[in-house]
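Hi,

Here is the structure I said I would pass on. Have a look at it first, and my notes follow below.

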Amino acid sequence: MVLFDSSISPLTHSAKLSSPLLLSSLSHRPLSSKLQRSPFVYGCRYAVLGAGFAGLSVAWHLLKESPKDLNLHIDLYDEMGIGGGASGVSGGLLHPYSPKVKLLWRGAECWKECMKLLSIAEQAVSSEEDLVSLSGEFDQDFGGIFDRRRGIIRPATNMKTLNVLNDVISSTLNAKNCLANCKIEIIDKNAAEKLVPHIHMPFNLAFYMPEAINVNSKYYLNALFLACQNIVKELSASSFGKKNLCLQKKSVYELCELEGEYDAVIICLGAKADLLPELAGKLPLRTCRGVILHLQLPDNIGEDYPDHGPSILSDAWLAIKGNRSLYLGSTWEWKSRNSSSNVSTDEASDALQELLPKASAIYPGITSWSFAGARAGLRAMPPLTPHGSLPLLGCVNNILCNDLKCKYWLLGGLGSRGLLYHGWLGKLTAEAVLSCNEQIIPSELTSWKNKDSRS
């Protein structure tokens with residue numbers, strides 16, 4: 001089934017999803033006989049492939065943005081479960097700035113929508129019962145969605161970062177380069193040592209983002225899935241339309257497996273999108289495996305990481321999870337195809353030898369910490385554009401075979417900024433899917449499909 005007759009013009013960018021035109025098109029068209037086997041006699045069926053940052057954001061926004069009286073069924077496919085891929089391995093450091101300390105392209109929208117989803121997920125686990133059910137998946141250092149609200153510090157470690165600092169100082173951190181709700185401060189060695197005692201400041205200056213946060217990615221993704229389940233209950237109880245969300249813990253090896261079963265399929269598989277035969281070699285993505293180390297402070301070491309201490313960005317980053325627990329990352333193994341989160345002893349040893357010297361150059365005390373484990377994820381890195389490295393969005397029917405019965409959409413290439421991007425891009429994708437209108441998506445995110453940009 002298609003969402004619209006060819007005689008119906010697509011919605012404009014400013015059109016509302018609850019318009020009478022859309023309601024008529026979605027709510028009162030019968031599904032194919034194949035789809036009528038479900039209890040949803042009229043309405044839409046969507047498949048979302050991937051239960052990481054992108055997939056869960058799309059699922060949430062499909063539920064939230066769809067017309068209230070639309071019968072909607074969503075199957076969320078991921079053989080590893082919620083957050084079982086690279087998203088769940090993310091270090092969780094969150095801020096909207098580039099390495100040159102400039103606001104990323106559409107950084108304000110990304111930050112705003114990410115904060116909304118974090119708040120929604122946090123509210124979903126407000127009850128003690130929910131907290132217990134989710135925290136059972138984590139270790140004793142678990143502390144909720146936000147591991148730290150103490151900001152992030154980035155010392156100048158070489159002349160390049162020092163020059164960036166001087167440029168920022170000379171520009172006086174004007175409003176164009178800095179968000180009011182995620183400010184950047186320039187601090188000296190004395191101020192930095194009050195935040196992190198014994199921090200090494202080779203050039204006596206550092207960036208400090210006091211509102212930047214550290215998210216427990218795996219827990220957050222489970223909480224966001226819980227929020228999706230909650231909104232299904234709320235919408236189904238308060239409106240004529242029925243909503244349904246099912247987690248399918250199995251792999252989709254080919255898109256043709258889903259043909260005829262759904263009105264739209266949204267591909268949010270990260271680096272695994274290129275493993276689908278229909279898309280193999282057609283996406284301008286590079287893969288990169290990253291190993292993250294878990295370090296703990298031994299019991300016989302008395303000096304904890306300070307309660308007020310921020311996480312640290314440098315040649316290696318330190319995501320502080322507690323007074324005696326942190327994650328150290330990350331390695332960059334380009335062209336890897338290994339998507340397993342498991343890390344061998346040799347791989348962990350190599351990562352430790354690579355990352356520990358980089359971290360100790362800024363935080364010497366880390367040499368007293370002990371190795372407690374390692375995990376890894378395979379990132380899908382997008383191509384460089386005039387606006388930076390931007391994710392890939394849009395309908396991909398034109399690069400698949402012809403004569404397709406449903407719409408196929410891609411949200412991929414979030415790279416190492418999946419946490420920042422996922423809220424806004426998931427919302428854009430959901431709105432485009434619901435309205436069957438790719439023009440809702442900014443052209444900068446769909447231009448990768450042009451032959452010139454792909455060559």
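I320 counts as buried, because its relative accessibility is 0%. Bear in mind that this is a predicted model. I320 sits in strand β13, which covers residues 317-322. Its C-alpha atom is 9.8 Å from that of G92, although the two positions lie 228 residues apart in chain numbering terms.

Next, the helices. α2 (residues 53-65) and α8 (residues 217-238) have axes that come within 10 Å of each other and cross at roughly 20°. Angles under 35 degrees count as roughly parallel, so that is what we can call α2 and α8. The crossing of α2 past α8 is left-handed. On the α2 side, the contact residues are F53, L56, S57, A59, W60, L63 and K64. They meet S217, Y220, L221, L224, F225, A227, C228, I231, V232 and L235 of α8. By type, that contact breaks down into 14 nonpolar residues, two polar and one charged.

Then the cysteines. How many disulfides does a search of the whole structure find? Zero. A pair of cysteine sulfurs has to be within 2.5 Å to count. For C110, the closest cysteine sulfur belongs to C114 and is 8.7 Å away, so it is too far for a bond. C395 has its closest cysteine sulfur in C436, at 7.3 Å, which is also too far for a bond. Both cysteines are buried: C110 has a relative accessible area of 1%, and C395 has 10%.

Cheers

Definitions and conventions
Residues are numbered from 1 along each chain as its sequence is written. This is a predicted model: local features need pLDDT of at least 70, side-chain atom pairs count only at pLDDT 80 or more; totals for chains, interfaces and linings use all residues. Side-chain values use heavy atoms; hydrogens and water are left out. Helices (H or I, at least four residues) and strands (E, at least two) are DSSP runs, numbered from the N terminus. Buried means under 20% relative accessible area, exposed over 50%, partly exposed in between (1.4 Å probe, protein chains only). Axes are lines fitted to C-alpha atoms, for helices over the stretch in contact, and angles run from 0 to 180 degrees between N-to-C directions. Angles under 35 degrees count as roughly parallel, over 145 as roughly antiparallel, 65 to 115 as roughly perpendicular and the rest as oblique. A crossing is left-handed if the near helix is turned anticlockwise from the far one by less than a right angle, and right-handed if clockwise. Contact means heavy atoms within 4.5 Å. Ala, Val, Leu, Ile, Met, Phe, Trp, Tyr, Cys and Pro count as nonpolar, Asp, Glu, Lys and Arg as charged, and the others, Gly among them, as polar.
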